[in-house]
Every structure is written in C-alpha cells, then in structure tokens.
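Grab a pencil and work through these exercises with the model open beside you. Try each task before you read its solution.

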Amino acid sequence: MRVRKRTLALAAYFFLLVLPIYWMLNMSLRSNADILSTFSLYPVDITFNNYIKIFTDSGWYMGYVNAIIYVTINTVISLACALPAAYAFSRYRFLGDGQMFFWLLTNRMAPPAVFLLPYFQLYSTFNLIDTHIAVALAHCLFNVPLAVWILEGFMSGVPKEIDETAFIDGYSFPRFFITIFIPLIRAGVGVTAFFCFMFSWVELLFARTLTVTQAKPIVATMTRTISATGLDWGLLAANGILTIVPGALVIWFVRNHLAKGFALGRV
Amino acid sequence: MGLLLEGVDKIVGREIHLKDIQLELATGSRTVILGRTLAGKTSLLRLMAGLDKPTHGRVLEDGRDVTKVTVRKRSVAMVYQQFINYPSLTVYDNIASPLKLAGIPKTEIDTRVRRTAAMLHIDNLLDRLPSELSGGQQQRTAIARALVKESRLLLLDEPLVNLDYKLREELRVELQQIFQQRDAIVVYTTTEPAEALMLGGDIVVLDEGRMLQVGPTAQVYRRPATTRVAEIFSDPPINFLPGKVHQGRAHLGKDIHMPLQQHMQGLAESDYTFGVRCNHLCIAPSGADDIQLRAVVELSEINGSETFIHVVYDGHRLVIQHNGVQQLKIGREVPVYVNPCQFFVFDAAGRLAAAPGEACRV
C-alpha cells in the first residue's frame, strides 16, 4: 500500500516536471498559426519547419556555435586554473589558506549584476566586447571558485601518501600530476567540467551584455526576437528544445558522480 | 658510512615531534624503532626519507649533508601503514614504476619485477589492479615496489599493522628473510615488543619524540635503561612494585622480604622500584627459590591458550601471564609465586640499578 502511494506521488511530481518541456516540444512541432488558433494536447499537423529554419539560418545556428565556443573555452580555463589551485589548497598549509579558500566562495555570493558595469567598461577598454574570450573570462568569476571547491573535495579524498610514494619513486611533479593524480580524480574532473558547462551554458546576463553580434549566444538571440509582428512561438520553442539537448548529453556522462559534485566532492 | 642524524629536532607549531635525535645507522644494518602511538616514529622515518625537513640539525648520508636534498634525489624506498599503491596502474606497472622512471632497459625491468613479485608470492596477480586485491596482497605489492628499487635506505612504517593476525605472522617471517639478503639500511617501526624481538637487529626506543635507549634488540630487552623503556618494551606491561633495600634485605610490600639476590649485590640502602615481567609471575610454584605473596584477584582475562590474571597486591596492581586457561573467582585471595632473581631494580630516578643476570634466565 505504501509503495503504491509513493509511486503515485512520484508519478505526479514527474508529470509536473515534464509538462512544460512536453508543451515546448509540442509547440516546436507546430506552425505559429496552428499554435495561436487551436488548443491541442499533441501536434496534429507535425511540421519540422521551425527546426529547419534554425539549422539553415546562420543568425540562429551561429548562436549555438558561439555558445559552445565560449562554454568550452570557459571550461578549459576554469579547469586549468582550478586543478593546481585545488591541489595547493588540499595539500599545503600556508598563511591565510582558510580565508582565501572561503573568499573564493564569496565570489558566488554577490549577484552577477554587481560585476556587470565594471566588466563592461574594462572589456570595452581592452576591445574585448563581442568576443568569445570575453564571455568565457567573465564566467570564470563563478566557475573557478566552484571548480576549486569541488576539486579540492575530490583531491582530499586521495591519501597524501600516494603523492609521497610517487616522489619517492622519482616522479617529477608534472608527470605525477598528469599520469597518476588526475586519473585518480577522473570523476571529479568530469563533474567539475559539467558544472562549469552548465553554469556557463545557462548564464544570460553577462553573455548578453558582453556580446553584440559576432559572439552572440543562443540565449541572447532568443531574447531579441520580439519584433513588431509579435513572437515567433514555434521557432522559440524549437530553440528551447535544442538548448536542453547539450546539457542532457553531458549529464548522461557524469550521472553517477553528480551527487558527490553537488556536495562539493565531500561525501 | 651509512645514515647519520645529527642533533635533529622537529617542531611543528608549538608541538615537539622529535627532540635531540642523535642516531647512526650503518649500511646493512637493520633497525627497529619501537614506540607507542604518537611517539614520533613516523616523523622520524619521514625525516630519514627526506619527506620532511628537520627544524634543527643535519642528516648525513655517507658523510654528505643531505638535509636539504629532496626525496626525489635520494635513494630511498618507503612502505606505509596504509596500503599505498597507484590505483590506476596494474600490479606489474606499480612494481615497475620506480624502475621505469630510473630509465632502466625494459628487459631488465621485466626480470626484476618478476623476481620481486615471485619473492612476495604475487607473481600470479601481476595483471590485476590494486583494488582487486586483498589487503595482504595490496601490502605485498607496496613492499615489492619498495624492494624492487634496491635503494640504499628502506623504510617500513608499521607495514603489518593493518593486516589480520595470520597474514601478519606470515609476512613477518618472509620479511625477515628478505631483509637478510639486502645490504641496504632497513628501518622498521612498530608498537609491538614481540615484533621488535622477532626482527632482531638494533632497536631505538622512542617516547614522546625522544630517544630513550639505543642498542642491540635483545640486549635492550634484557637491560632496559629506565622504567619507561621497560614499560614500552613489554607487552603486556611490566609490573612495578615500590620497595626498599635495608640491612641486606629487599622489602617489597607486606609479603616479600628477601635477601639480596646475586644481581642485586652492591645496591645501596635506599628506595627502589622493582620490576618483574608478567610471564615471571606464576600462580603455582615453579622452583625451590620461589617466594610467595598473597594477592586478590581483580579480573581474569582468557586470551586463547593463556590467561592474564589481574591481581592487587598490597595496593599495587599486578598482571600474571598464565599458560593455559584458568578460571579464578573475582575477589578471591590467591598465592602468587615469583623467582626473586627475576626482578629488575630501578633507582628513585627510574634508571636501571640491577637487571637479572644470565644464570637466572629461563
């Protein structure tokens, strides 16, 4: 009896979660006229025109390309900075290490809007506006601290004696780090990359402010489609569905380690 | 020649981990470092390896100052208490890794890895990952990796402590044979007196970061320099009774008033602490010389084939090691026998004044 109650509750919860996504899928497969004229629980006249438009019009598909470019750059930069930093926090004691470690996290406490104005001015001065690297760097503000925290947790789970044994055996530091240590925290690196990807992929404020046309990501493109003729509902819905896909793919790879990642590697 | 630690201190924050360490280890020697937990055994090994730098003092290798030389440039191998292997490498690659890094030709690596693995009976496991092995096999892999290097200094930090009893016995015997074939300096730490005695060689008794006594293991066991050494180097702990020497007789509590034994001749009239190991106390007389004291049973602890009987004699707690199972009622008064020539005598400052002589040893 109890099991059935639980199943029912879960089914209801799942229904509520999936409903908006289903509705978006439903809309993306219908034409605008159809969406606005008739109410239907499922697409009657299925049309792929919305998707075809996205994949043929460079104004649309370049949004995805731009987003993927800066998200990748950001993930690489974040990991490259965070791996050595997390190793230092996990293995060495130095003056103010605790304070510095906490200060990293405080960067995530301020609303992004606080940093927006100075960023805009600084990036303009260096002619970085509307480049992929600008957005990638701006997103490091959130992703580097997060990556350091997650990786530090995973690294502290590796006994220090392994490092020492490697040094006794004669490994140089870079060789030990790349051939022995990183394979040990593979799962942690994967989870960290996923979190960096996710935050950078869904972030809108910086991405929209720091780009004009050349590096405009899809989320920004979507906000700029309101024209005098109204909203293109079907097209927006198709965009929404396509925006979910990369995240879903990445989640699939780290699904077994996500919980530990959310606990910042400290389980 | 060998390793020399000269006036070494290790102070971390306000805590003294090691103080005034003066130690010389000859090439080919085997040294056991005995001490309770937190005595500084691991700190001392880490200093020898070069993993930590001493706060004061110098470390010399064959007369060359290596205090500031990093561990990577020293010829050292270490086995930890925890089973430390590279989890992502197979057993073969684990053992081969120090050789590969030294740039030794592939064929030689192969023969050496296989020889060492055979010596430690893990030659049938070479293709497995460490996580697929039992604890004993993991530690064998770690030991093999340390041995294959043929380093000048081989350090083992309580390597058998995390293994179960049977494996420990097995590996202890094997290690003894392996050490004998090496001309490296072998340093082995342990908390167990029995293990120290079995390994032989020299011993360093360490307590609270200080060296209490250094010497050949058997000799230190027979003549512990202080009450503290006797305590650390006896398991179960040695029994102490305060007493005094007066007019040619020794008086220990209410029952013992014995003439001075052969080894006690020459003791001045004063207060002393008398020590006797618990295997020399019996509940049945074993010889004509035995003297009897009466004690009240507090607890009798059966440990397989032997019984530890805790008694109180004249306000002092004693432990008797009895071979065989013996049930004794708590609170009962029992006679306890001891051969008076088995007493160690320590002076008021805790220094050894007299130790049982050769004639008395059983």
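**Before you start.** This is a predicted model, where local features need pLDDT of at least 70, side-chain atom pairs count only at pLDDT 80 or more, and totals for chains, interfaces and linings use all residues. Residues are numbered from 1 along each chain as its sequence is written, while chains are lettered from A and ligands numbered from 1 in the order in which they are written.

**Exercise 1.** Find where confidence is lowest and where it is highest in chain A.

*Solution.* Start with the whole chain: the mean pLDDT of chain A (the predictor's confidence in each residue, from 0 to 100) is 88, and 96% of its residues reach 70 or more. Now go helix by helix (helices, H or I, have at least four residues and strands, E, at least two; both are DSSP runs numbered from the N terminus). The low point is helix H14 (residues 258-262) of chain A, with a mean of 76. The high point is helix H4 (residues 58-91) of chain A, at 93.

**Exercise 2.** Work out the strand order of the open sheet of 6 strands in chain B.

*Solution.* Two strands pair if DSSP finds at least two bridges between them. Following the pairs across gives E6-E7-E8-E3-E9-E10 in chain B, with mixed pairing. Strand E6 (76-79) and strand E10 (210-216) of chain B are the edges, since each pairs on one side only. Next, zoom in on one pair: strand E3 (residues 30-34) and strand E9 (residues 202-207) of chain B run in the parallel sense, joined over 4 bridges. Within that pairing, B:Ile33 has B:Val204 as its bridge partner in E9(B).

**Exercise 3.** Describe the side of chain B that touches chain A.

*Solution.* First count the residues in contact (C-beta atoms, placed from the backbone, within 7 Å): chain B gives 17 residues and chain A gives 13. Then locate them: E6 and helix H2 (91-101) of chain B each supply at least two residues of chain B's side. Finally, sort that side by type: 13 nonpolar (Ala, Val, Leu, Ile, Met, Phe, Trp, Tyr, Cys and Pro), 3 polar (the others, Gly among them) and 1 charged (Asp, Glu, Lys and Arg).

**Exercise 4.** What share of residues 233-254 of chain A is helix?

*Solution.* Check the record first: in an unreviewed entry, UniProt lists this span among the transmembrane regions of chain A, though such annotations may be inferred rather than shown by experiment. Then read the model: the span is 100% helix and 0% strand. Its end C-alpha atoms lie 33 Å apart.

Key:
Contact = placed C-beta atoms within 7 Å.
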